[in-house]
Amino acid sequence: MAHKCLKCLKYTMCVANLLCFMCGVAVLSFGAYMMVKLRFAALTPSLASFNIANILLITGIIITCVSFLGFLGALKENRCLLLTFFLLLFLLMLVELTAACLLLVYEKEIGEMVEKDLKKGLKNAKAEAGNSTTDLLSDWDLVQTTFECCGVENATDWGEKVPESCCSTKCTGSKTDYWPKGCLNKMKNSFEDNFLTIGISVIVLCIIEVLGMCFAMTLFCHISRSGLGYKF
């Protein structure tokens, strides 16, 4: 009976890691697509390394590597791979919890840094407005159209040359209506509106990681007791 349960645990772990691997490949592909097609780094020049595309790319690589280790370790019943999988999951959970705590503690400072960088990015976009080949304005157009906002604080941030993406209605005539709120406030509101969803997602992710660690350690202990060693 115990042997059948462990076999079931082994194949459950294989299937779960295979699904995670496929999700990791999808996230990696999406991150690569965003890196090629979109240049969100233009919005926050100083924080270029922390743009969405880079985060998705790194996340995809981590998910694929860790899930591959878990899949191969469970399939081959390899103690070394299972222990490595356990330690990596443990480290990832620590990093996630540390990052969440830092975001909560330094929320104000991070907000000020993002605001300062957005203003710098908008200044660069205004300076490049005369260049038809630049992608800076197209990045701002995408954000302003998506969030229905204009500038960092409001339309006055753009000065005399306000892009069409700021228009709440069609940009025609002498009087034009712009989106009343800036993109900084809109993005803050969007984050706050989805805060519960983000929190639940983090908790679910931690639960999955704990279950993965429990499965890996159970299988590791069974292999150690059975004396199978480092089986390939």
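Here are a few friendly questions and answers about the predicted model above.

User: What should I know about the numbering and the model before I start?
Analyst: Residues are numbered from 1 along each chain as its sequence is written, and side-chain values use heavy atoms, with hydrogens and water left out. This is a predicted model, where totals for chains, interfaces and linings use all residues, side-chain atom pairs count only at pLDDT 80 or more, and local features need pLDDT of at least 70.

User: How many disulfides does the structure hold, and which cysteines form them?
Analyst: A disulfide here is a pair of cysteine sulfur atoms within 2.5 Å. The structure holds two. The sulfur atoms are 2.1 Å apart in one pair, C149 and C183, and 2.1 Å apart in the other, C150 and C166.

User: Is C149 buried or exposed?
Analyst: Buried means under 20% relative accessible area, exposed over 50%, and partly exposed in between (1.4 Å probe, protein chains only). C149 has 0% relative accessibility, so C149 counts as buried.

User: Which element gives the most to the largest nonpolar core?
Analyst: A nonpolar core is a set of buried Ala, Val, Leu, Ile, Met, Phe, Trp, Tyr and Cys residues joined through side-chain atoms within 4.5 Å. The largest has 14 residues, and those with the most contacts inside it include L118, W140 and C183. Helices (H or I, at least four residues) and strands (E, at least two) are DSSP runs, numbered from the N terminus. α4 (107–127), α5 (136–147) and α6 (183–193) each give two or more residues to this core, and the one that gives the most, with three residues, is α4.
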